[in-house]
Amino acid sequence: MDRLLVLVRHGQSDWNLKNLFTGWKNPDLTEQGVAEAHKAGEQLRDLKLSFDVAFTSDLSRAQKTLDIILEELGQTGLETFKDQALNERDYGDITGMNKDEAREKFGEEQVHIWRRSYDIPPPGGESLKMTAERVLPYYKSEILPRVLAGSRTIVAAHGNSLRSLIMDLEDLSPEEILKRELGTGTPIIYRLDENGGVVSVQDLAD
Ligand SMILES: O=C(O)[C@H](O)COP(=O)(O)O
């Protein structure tokens, strides 16, 4: 049985381009982001992959990325579940702030801790651990059972909601996930065993 799980971070958004902390805000894809989504769809098509079910967040940059990918695969109208459990990490009070300006105001090290530490949240926002605490229950109750039943599954979501899932899938330590950067619009292809363990992983960025 093919237990296929493809994860893809949304294409570049307007606020990625402007270098702003985005979190739960809802900017659109840029032209480059749209192009990245088309490329992701082409890459999956070239690998002759298709899907039985899709999952995405409540935010339009991820939904549009998924729509474009499905269009490239000739699969518009595929059964799709949208849920805020897959939303980006909430950046709290620093949402909307420029990342360079935040470094000037709070210091390089503090901003790095907010962005990449495991369990220290930005003020009023979510740490990666808190993000995992909503992503993983949703993954385990809604997504994984379908993958294990043989439904070929694609998940279009966000840098940190996907990092929290990848940490669990690949059994990474807080130190290891710290260094894991996900490219915009770049699919990662997993094949799972009957218990949900990873048999193979192919990051199309490599
Ligand atoms: O929410 C954001 O600003 C980005 O999508 C992810 O931010 P990060 O690169 O700080 O994890």
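User: At what angle do helix H4 and helix H5 pack, and how far apart are their axes?

Analyst: Note that this is a predicted model. Helix H4 (residues 99-106) packs against helix H5 (residues 108-116) at an angle of about 125 degrees. Their axes are 6 Å apart. H4 and H5 are therefore oblique to each other.

User: Which residues of H4 and H5 meet?

Analyst: From H4 come Ala102, Arg103 and Phe106. From H5 come Glu108, Gln110 and Val111. By class, the contact of H4 with H5 has three nonpolar residues, one polar and two charged.

User: How do the axes of H2 and H3 cross?

Analyst: Read the distance and the angle together. The axes of helix H2 (residues 31-46) and helix H3 (residues 60-72) come within 8 Å. They cross at roughly 40 degrees. Angles under 35 degrees count as roughly parallel. The H2 and H3 crossing is therefore oblique.

User: Is that crossing of H2 and H3 left-handed or right-handed?

Analyst: The crossing of H2 and H3 is right-handed.

User: Which residues make the contact of H2 with H3?

Analyst: H2 brings Val34, Ala37, His38, Ala40, Gly41, Glu42, Leu44 and Arg45. H3 answers with Thr65, Ile68, Ile69, Glu71 and Glu72. Sorted by class, the residues of this contact are six nonpolar, three polar and four charged.

User: Now the strands. How do I read side chains along one?

Analyst: Start with the general pattern. In a regular strand, side chains alternate between the two faces of the sheet. Then look for the partner strand.

User: How many bridges join S1 to S5, and do the strands run parallel or antiparallel?

Analyst: Strand S1 (residues 4-9) and strand S5 (residues 187-192) are joined by five bridges. S1 and S5 run antiparallel. For a register mark, take Leu5: its bridge partner in S5 is Tyr190.

User: What joins S5 to S6?

Analyst: Five bridges join S5 to strand S6 (residues 198-203), and this pair is antiparallel. Here Ile189 stands opposite Gln202 in S6.

User: Which residue takes a positive phi in the hairpin of S5 and S6?

Analyst: Gly196 does, with phi near 90 degrees. The hairpin has five residues between the strands.

User: Last feature, the ligand. Which residues are around the ligand?

Analyst: Go along the chain. The shell includes Phe21, Thr22 and Gly23. Glu88, Tyr91 and Arg115 also belong to the shell. His158, Gly159 and Asn160 are further members.

User: How do the residues of that shell divide by class?

Analyst: Five are polar, two nonpolar and two charged.

Note on methods: Residues numbered from 1 in each chain as written. Predicted model: local features only at pLDDT ≥ 70, side-chain atom pairs only at ≥ 80, totals over all residues. Axes fitted to C-alpha atoms, helices over the stretch in contact; angles between N-to-C directions. Helix = DSSP H or I, 4+ residues; strand = E, 2+ residues; numbered from the N terminus. Parallel < 35°, antiparallel > 145°, perpendicular 65-115°, else oblique. Left-handed = near helix turned anticlockwise from the far one by under 90°. Contact = placed C-beta atoms within 7 Å. Nonpolar A, V, L, I, M, F, W, Y, C, P; charged D, E, K, R; others polar. Near = placed C-beta within 6 Å. Pairing = 2+ DSSP bridges.
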